[in-house]
Amino acid sequence: MAVDIQPACLGLYCGKTLLFKNSSTEIYGECGVCPRGQRTNAQKYCQPCTETPELYDWLYLGFMAMLPLVLHWFFIEWYSGKKSSSALFQHITALFECSMAAIITLLVSDPVGVLYIRSCRVLMLSDWYTMLYNPSPDYVTTVHCTHEAVYPLYTIVFIYYAFCLVLMMLLRPLLVKKIACGLGKSDRFKSIYAALYFFPILTVLQAVGGGLLYYAFPYIILVLSLVTLAVYMSASEIENCYDLLVRKKRLIVLFSHWLLHAYGIISISRVDKLEQDLPLLALVPTPALFYLFTAKFTEPSRILSEGANGH
């Protein structure tokens, strides 16, 4: 097979696009940016992304999908009040919005109409920041080769957030207006207003720190889930198993944190060796058990009462 020979490409992410191919000849264009859905190989040729995402890639996408849902639930609970009966319906609606947004995002991604995606393998941190690696051969002219080398892990998150926002604006105001009768008019829509703030923040976070989050999210999940569980149990003055079992809501919060613990452990281990990594899940209840065994020494209720009295 004859291949058109051209000067080698400069830069880490510049490549040559295939212009013509038959049984005996391949002709490539000039060195430049690869089309969307392709990335350069070791020979500096643009190759289509045809691989299936790894388990770790799906776990990363799951983490980014969970962020708006968890924030929705937090602000719904924060602004609904203890006596409001609308919180449960709003929680369910938020779950429905995020689930539908995830399904629609997968359906509109390549290949269109199916619930799976094709991707390029993430090789290193710089794959997320190709705009920082545009070469300047003569130190004057810059060859712009910025493209999504981690296709579609970078842009698919933005698409998902857009669908989340659209579905929220279509569904939530009608629901809140109908069922949030226990709240004042000024409080009914505060959870929606909060979303209008945190969605831009999440978008900027993904745009700037997507690559860092990709490598750090398992540890972020573990640390935040441990901290929030400890804060919740101390704020709820849970000092023994009876305090934990007396309300269903506390059990729901506990099991939710256990799921997050398990998610973080699986993400760190990547379940490369199933027989070695699965026993690590036995550590999931350990933080809660440690808290219950040591609560009598720290007495969270006394600390909270002294803080309220200003001591």
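**Pockets, salt bridges and a buried leucine in a predicted model**

The largest pocket has a volume of about 2100 Å³. Its lining is made up of 40 residues, and those closest to the centre are Trp73, Phe74, Glu77, Val253 and His257. The structure described here is a predicted model, so every value below is best read as a property of that model.

Four helices each supply at least two residues of the lining of the largest pocket: H1 (55-80), H2 (87-108), H4 (190-235) and H6 (248-269). Among the contributors to this lining, H4 gives the most, with 11 residues. Sorted by class, the lining of the largest pocket contains 25 nonpolar, 10 polar and 5 charged residues.

The second largest pocket holds about 300 Å³ of space. It is lined by 16 residues, of which Leu61, Gly62, Ala65, Ala102 and Tyr160 are the closest to its centre. Here H1, H2 and helix H3 (155-179) each provide at least two lining residues, and the largest share, 7 residues, comes from H1. The lining of the second largest pocket counts 13 nonpolar and 3 polar residues, with no charged ones. Helices H1 and H2 are thus worth following by eye, as each supplies at least two residues to the lining of the largest pocket and at least two to that of the second largest pocket.

For the fold as a whole, the protein has 9 helices and 5 strands. Along the sequence these elements follow the pattern β-β-β-β-β-α-α-α-α-α-α-α-α-α. Of the 311 residues in the protein, 38% are buried. Among contacts between residues at least 6 apart in sequence, 66% join residues that are at least 24 apart. The accessible surface of the protein amounts to about 17900 Å², and carbon and sulfur atoms account for 69% of that area.

Attention now turns to charged pairs. Side chains of opposite charge can pair when their charged atoms come close. In the whole structure, a search finds 7 salt bridges. One of them is formed by the side chains of Glu51 and Arg121, with a distance of 2.5 Å from N to O. Glu51 sits in the loop between strand S5 (46-48) and H1, while Arg121 sits in the loop between H2 and H3, so this pair ties together parts that are 70 residues apart in sequence. Glu51 is partly exposed, at 33% relative accessibility, and Arg121 is also partly exposed, with a relative accessible area of 22%.

A further salt bridge joins Lys249 and Glu77, whose closest N and O atoms are 2.7 Å apart. This pair links distant parts of the chain, with Lys249 in helix H6 and Glu77 in helix H1, 172 residues apart. Lys249 has a relative accessible area of 46% and is partly exposed; Glu77, at 34% relative accessibility, counts as partly exposed too. Glu77 also belongs to the residues closest to the centre of the largest pocket, which places one partner of this salt bridge in the lining of that pocket.

The third pair to be described is Arg172 with Glu97, a salt bridge whose closest N and O atoms lie 2.8 Å apart. Arg172 is in helix H3 and Glu97 in helix H2, so the pair ties together parts that are 75 residues apart in sequence. Arg172 is buried, at 0% relative accessibility, and Glu97 is buried as well, with a relative accessible area of 1%. Salt bridges that share partners also join Glu51, Glu54 and Arg121 into one network.

A final example concerns a nonpolar side chain. Leu244 lies in helix H5, which spans residues 241-245. Is Leu244 buried or exposed? Leu244 is buried because its relative accessible area is 7%, under the 20% limit used for that class. Leaving aside neighbours within four places in sequence, Leu244 is in contact with Ile238, Arg250, Leu251, Leu254 and Leu292. One of these partners, Leu292, is 48 residues away along the chain, and the C-alpha atoms of Leu244 and Leu292 are separated by 9.4 Å.

Key
Residues are numbered from 1 along each chain as its sequence is written. This is a predicted model: local features need pLDDT of at least 70, side-chain atom pairs count only at pLDDT 80 or more; totals for chains, interfaces and linings use all residues. Side-chain values use heavy atoms; hydrogens and water are left out. On a 1 Å grid over the protein atoms alone, a cavity is a set of points where a 1.4 Å probe fits but cannot get out, and a pocket is an open set with protein on both sides within 12 Å along at least five of seven lines; lining residues have an atom within 4 Å of a point. Grid points are joined across faces, edges and corners, and a volume is the space filled by probe spheres set on the points. Ala, Val, Leu, Ile, Met, Phe, Trp, Tyr, Cys and Pro count as nonpolar, Asp, Glu, Lys and Arg as charged, and the others, Gly among them, as polar. Buried means under 20% relative accessible area, exposed over 50%, partly exposed in between (1.4 Å probe, protein chains only). Contact means heavy atoms within 4.5 Å. Accessible areas come from the Shrake-Rupley method with a 1.4 Å probe; for residues, only the protein chains shown count as cover. A salt bridge is a side-chain nitrogen of Lys or Arg within 4 Å of a carboxyl oxygen of Asp or Glu.
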